[in-house]
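Q: Please take a close look at a single part of this model, then work outward from there. I am new to this, and I would like each term explained.

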Amino acid sequence: MALNTVSDVLDRVPHAKRDALIPLLQEIQERDGFLSQSAMKALAARLGLPAVKVYGVATFYNQFRFHSVGRNHIQVCRGTACHVKGSAAVLEALQFELGIEAGATTRDGLFSLEVVSCIGACGLAPVISINGEFHAALTPEKVRALLNDLRKAAKGAHDEQLA
Amino acid sequence: MISLEINGKAVSAQENETLLKVIRDQGIRIPTLCHMEELTPSGACRLCVVEVDGQRGLTPSCAYPVADGMKVRTHSPRVLRARRTIVELLLSNHPDDCLYCVRNNQCDLQNLASEFNVTDRRFTGKKKTGPMDVSSPSLIRDPAKCILCGRCVRVCEEIQQVSAIDFIGRGGSTTVGTLFDGGLNTSTCINCGQCVMVCPTAALSEQDSIKDVEAALDDPERIVIVQHAPSVSVTLGESLGLKTGADCDGIMTAALRRLGFDWVFDTGFTADLTIMEEASELAQRISDGGVLPMMTSCSPGWIKYVEQFYPDMLPNLSSCKSPQQMMGALIKGWFAGRESIDPARLYSVSIMPCTAKKFEAQRPEMAQSGSQADIDAVLTTRELARLLRRRGIEPRTLSPEAADSPFGERATAGKIFGASGGVMEAALRTAHYLLTGTDLEDPRFLALRGPQGLKEAAVNIGGLTVNVAVVSGLANAARLLTDVRAGKKSVHFIEVMTCPGGCVGGGGQPLDTDPARIKARMQALYAIDRNGPVRQSHANPSVQRLYREYLGAPLSERSHHQLHTKYQTRDVDG
């Protein structure tokens, strides 16, 4: 899957050099949802770069993920307005409840967590986005309720499938 | 020419020179932790900042070109305050374990802290907690002691063209790491240790084998044998307080006996043996239409480099083992048999200028004498110096002694192995004899001597022109191989040394990459050659005796079994 992505992406720009590294990483992530090790190695080989250089660049930017995203991809805004309104506590609650650090995906594949700088909804601070849908004025309590709802919904869908 | 003013004194400089160079040319000392003459300036550590009139902030002199009319102050109160603060900030997250640190008293950061009279901790930062990387057989990385100067990253990329490590992450969580944080042993690292040589702290060091060697020395059941590489006798002295390039061969042998080694052998002997086999192999390849150019195989970092990056050129590598491994195979094989010693009781140690030799000793190819490794432990020159100090031996008070028979005798050809170009020169001396039956009138090949990264010569041997090339530093090797592959260069024989300048600049040598020092070490080897009674490997009486009594002739079946090997493609992500 990932290797096909790299070939597909690079076949359209056969003369790509190292200066195209970041846009290519973005495109691979857009298609696969994350940057796999095999994709980074393949990209390095095609660009004639040491693989560790590609890994170094990718880890420099917050936007790149190294795990596949969960069914519920949660983006926590840590911009200035959200910070002032308590986003640190929101993030902490999410990490505690999900048992993962930002950048990771839960083992059941249900949730992934990502920190972003500002999602441009300062009026709703502190705000998170779940699969693109905004949830406003959060508190740790609201986070717990929200996660419970999502877990119930997932379980309901699962039971329905079995029935 | 450009005119500027440094500390009130008029100075002229070349255009494009860096401010740092011009200041240093004035005899003014400027501290740096990240700058290195031969590497791209990075401006990472900021210690070289100076005050330039008309500029609001302080200027990092290592990365700033001189300009006409500049007025510079190098040690103003503002500059000194900034430098001191920088040191204090670097120390803010540094472990306070100098007493237990391998680089205690040899640490650039510690020296600067002392220079700026930093006596207490003004800033307390969050300590780095990353685990140490002890996965490599040669090197240890301790990210907690890393100050992110990037010298290791640049040496690995620019001098060796390996890029096993790079900056990972960013900001406060930046580390120097390997691909996917997998550790050095699964990376493209070739174990050369040049990163250790340039590291200003103990973030990089060699795997220490002193404990293992001491355990063997203290075990009465063990018979412990040691060999020492050609370059070690001209570099160990620096750790003993002797002047650079002083040859301490005899007192080192005496000191090794005081440590308790039962036999002391000279790797120069198997260097001569390597020359016999390698020169014969070259003659055979030329006369039988074998694969050319032939490439030397005594530098273990280079071997791994070819296995990883140039697998199509593996047939070009000479099949000769390195002198260390030839000696290892002979000690546990023929020698153990002759002395009626069970090889399992033997403990074979080598003193090497090299961290990659630790890796080489563990290779599965290097256990010809049975299931156990031919070489049990490798100590670098630095480790030997530490061991001598720990055991209270003061070599300077000892009288010189000679190494033991049957592997203690060497021609000076085997000695110059320690300098880039030395293997080639030694091989040409013997190749001339093998092909013409006579010795060269002048055995010197001056074009192949010196610290340059690439040296070439066309040598006439009995009417046959042999094109030879000598490279050190693997980026130079990569450039040469690219030309050879493209057919731009026609070469018969290539000597490659992994480290710049050859083994005298090896990753296990006393910590110093000053080019003048490397040059002095080289000159010491050539001085030994100049005065040597026997200058050709084939004239070494002990080598002749070994062929008579055991091996038969170069490239014989016994030679092939004991002294030669074959390397394979190594699949490493890089």
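A: What follows starts with one residue and then moves to its helix, some loops, the core and the contact between chains.

First, the ground rules. This is a predicted model: local features need pLDDT of at least 70, side-chain atom pairs count only at pLDDT 80 or more, and totals for chains, interfaces and linings use all residues. Residues are numbered from 1 along each chain as its sequence is written, chains are lettered from A and ligands numbered from 1 in the order in which they are written, and side-chain values use heavy atoms, with hydrogens and water left out.

Start at Glu206(B). It sits in strand 9 of chain B, residues 204-206. Helices (H or I, at least four residues) and strands (E, at least two) are DSSP runs, numbered from the N terminus. Is Glu206(B) buried or exposed? Glu206(B) is buried, because its relative accessible area is 5%. Buried means under 20%, exposed means over 50%, and partly exposed lies in between (1.4 Å probe, protein chains only).

Which residues surround Glu206(B)? Leaving out residues up to four places away in sequence, it touches Ser138(B), Leu139(B), Ile140(B), Val196(B), Thr355(B), Thr380(B), Arg382(B), Glu383(B) and Arg386(B). Contact here means heavy atoms within 4.5 Å. With Arg382(B) there is also a polar contact, side chain to side chain, at 3.0 Å. A polar contact is a pair of N or O atoms within 3.5 Å; within protein, one must be able to donate a hydrogen and the other to accept it, and residues adjacent in sequence count only if both atoms are side-chain atoms.

Now follow Arg382(B) into its helix. Helix 13 of chain B covers residues 381-390, and eight of its ten residues are buried, so it is largely enclosed by the rest of the structure. Among the buried ones are Arg382(B), Glu383(B) and Arg386(B). These three also touch Glu206(B). After helix 13 comes Gly392(B), with a positive phi near 70°.

Next, some backbone features in the loops. Most residues other than glycine have a negative phi, and most peptide bonds are trans. Pro406(B) lies in the loop between helix 13 and helix 14 (412-415) of chain B. The peptide bond from Ser405(B) to Pro406(B) is cis, with omega near 10°. Asn191(B) is not a glycine, and its phi is positive, near 70°. Asn191(B) belongs to the loop between strand 8 and helix 5 of chain B. With a relative accessible area of 4%, Asn191(B) is buried. Asn16(B) also has a positive phi, about 75°. Asn16(B), however, is exposed, at 70%.

Turn to the core. In the largest nonpolar core there are 41 residues, and Met295(B), Trp302(B), Tyr305(B), Leu317(B) and Ile494(B) touch the most other members. A nonpolar core is a set of buried Ala, Val, Leu, Ile, Met, Phe, Trp, Tyr and Cys residues joined through side-chain atoms within 4.5 Å. Several elements of chain B each supply at least two residues, including helix 5 (194-198) and strand 17 (493-497). Helix 16 of chain B gives the most, with six residues.

Last, the contact with chain A. It takes 16 residues from chain B and 13 residues from chain A. About 1300 Å² is buried between them, with carbon and sulfur atoms giving 60%. Buried area is the accessible area (1.4 Å probe) that two parts lose on being put together, summed over both. The rule finds three salt bridges across this interface. A salt bridge is a side-chain nitrogen of Lys or Arg within 4 Å of a carboxyl oxygen of Asp or Glu. Lys53(A) forms a salt bridge with Glu157(B), with the closest N and O atoms 2.9 Å apart. Six residue pairs across the interface are in polar contact, both at pLDDT 80 or more. On the side of chain B that touches chain A, strand 7 (165-168) and strand 8 (175-178) each supply at least two residues. Strand 7 gives the largest share, four residues.

Chain A itself has seven helices and four strands. Of its 163 residues, 43% are buried.
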